[in-house]
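Hi everyone, and thanks for making time this morning. I'd like to walk you through a structure that may be new to you. Please have a look at it on the screen before I start talking.

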Amino acid sequence: MLCIVDPFSAPIAKPDPGLWDEVGEDARDDSKHDDYAEHEVEYVDIMKQHIEFCTGCFACKKNGGNCIHDDDMAALLQKYLNADVTIFSFPLYCYGIPAPLKAFFDRTMPLSTMAMQKVGDRYEHTGPVDFSRIHTVVISGCGFPSATNNYEPLRREFELMIPHDLFML
């Protein structure tokens, strides 16, 4: 399990050691998950990662997935690809995700190819990675008294980026 968290978020997303210890303990409790022998939980503070912004140069599409930037993203991509469950926890900023997390998603570009396929009424890039095995949980807090008419842009963004096995809180 990979927990990617923005620690400057609403209380639900702050890196409360007790909360994340509980998540980790629950994941490692074999009596609750007979189909897994052992579970590892890794917490990633997205604000402490060095992630350059994607320039859209497509160099990664031409050279086997290697980005022009020498930063933490290559290691983060490996962690993301190796995770069975990824939890994204962050505050709602301007009806969307915070910039560091947006940079992370933009930099997943090496995981797809330039080839496209029609899926329903839209097109998406194809790629060698099967994301359907990665379960995704999104936890986002905000100061609004209601989620109605506040989370729709965020929900739609995640539905387009992660169209499989997505659970949003």
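I'll go through the sheet, then the core, then the aromatic rings, and end with the charged pairs.

One thing to say early: what you see is a predicted model. Please keep that in mind for everything that follows.

Let's begin with the sheet. In what order do the strands of the open sheet run? There are 5 strands in it, and the order is 2-1-3-6-7, with parallel pairing. At the edges we find strand 2, residues 42-45, and strand 7, residues 166-168, each of which pairs on one side only. From one strand to the next, the twist averages 15°. If you'd like one pairing to look at, take strand 1 and strand 3, which pair in the parallel sense over 4 bridges. Within that region, C3 has I87 in strand 3 as its bridge partner. As general background, the strands of a sheet pair through backbone hydrogen bonds, in either a parallel or an antiparallel way.

Now put a helix on top of that picture. Helix 5 lies across strand 3, strand 6 (residues 135-141) and strand 7, and its direction is at about 165° to that of strand 7. Keep an eye on helix 5, please, as we'll come back to one of its residues.

Next, the core. How many residues does the largest nonpolar core have? The number is 26, and the residues with the most contacts inside this core are F88, F104 and F158. Two or more residues each come from strand 1 (2-5), helix 3 (73-82), strand 3, helix 4 and helix 5. Helix 3 gives the largest share, 5 residues. Apart from this core lies another one, of 5 residues, including V5, I87, V137 and I139. You have already met I87, as the bridge partner of C3.

Let's turn to the aromatic rings. A ring pair, in general, is described by how far apart the centres are and by the angle between the planes. In this model the count of aromatic pairs comes to 10. Let me show you two of them.

The pair to start with is F88 and F104. Why do we call this pair tilted? The ring centres are 6.2 Å apart and the planes stand at 55°, and the tilted class takes in planes that are neither under 30 degrees nor over 60 degrees apart. F88 sits in strand 3 (residues 85-91) and F104 in helix 4 (residues 99-106), so this pair links distant parts of the chain, 16 residues apart. Both F88 and F104 are buried.

The other pair is F105 with F158. Here the centres are 5.5 Å apart and the planes are at 90°, so this pair is edge-to-face. F105 belongs to helix 4 and F158 to helix 5 (residues 152-161), so the pair ties together parts 53 residues apart in sequence. F105 is buried, with a relative accessible area of 10%, and F158 is buried too, at 0%.

These four residues also belong to one aromatic cluster, formed by Y80, F88, F90, F104, F105, F131 and F158.

What surrounds F158, leaving aside its neighbours within four places in sequence? The contacts of F158 are F88, F90, I97, F105, V138, P163, L166 and M168. Of these, I97 is 61 residues away in sequence, with 9.8 Å between the two C-alpha atoms. For F104, with neighbours within four places left out as before, the contacts are I4, I46, I51, M73, L76, Y80 and F88.

Finally, the charged pairs. Side chains of opposite charge can pair when their charged atoms come close. The count of salt bridges in this model is 7. One of them joins R107 and D71, at 2.6 Å from N to O. R107 is in the loop between helix 4 and strand 4 (116-119), and D71 is in the loop between helix 2 (59-62) and helix 3, so this pair ties together parts 36 residues apart in sequence. Are R107 and D71 buried or exposed? Both are buried.

Another salt bridge joins D106 and K102, at 2.5 Å from N to O. These two both lie in helix 4, 4 residues apart, about one turn of the helix. D106 is partly exposed, at 29% relative accessible area, and K102 is partly exposed as well, at 34%.

That's my tour, and thank you for listening.

Note on methods: Residues are numbered from 1 along each chain as its sequence is written. This is a predicted model: local features need pLDDT of at least 70, side-chain atom pairs count only at pLDDT 80 or more; totals for chains, interfaces and linings use all residues. Side-chain values use heavy atoms; hydrogens and water are left out. Rings of Phe, Tyr and Trp (its six-membered ring) pair if their centres lie within 6.5 Å; planes under 30 degrees apart count as stacked, over 60 as edge-to-face and the rest as tilted. Buried means under 20% relative accessible area, exposed over 50%, partly exposed in between (1.4 Å probe, protein chains only). Contact means heavy atoms within 4.5 Å. A nonpolar core is a set of buried Ala, Val, Leu, Ile, Met, Phe, Trp, Tyr and Cys residues joined through side-chain atoms within 4.5 Å. Two strands pair if DSSP finds at least two bridges between them. Axes are lines fitted to C-alpha atoms, for helices over the stretch in contact, and angles run from 0 to 180 degrees between N-to-C directions. A salt bridge is a side-chain nitrogen of Lys or Arg within 4 Å of a carboxyl oxygen of Asp or Glu.
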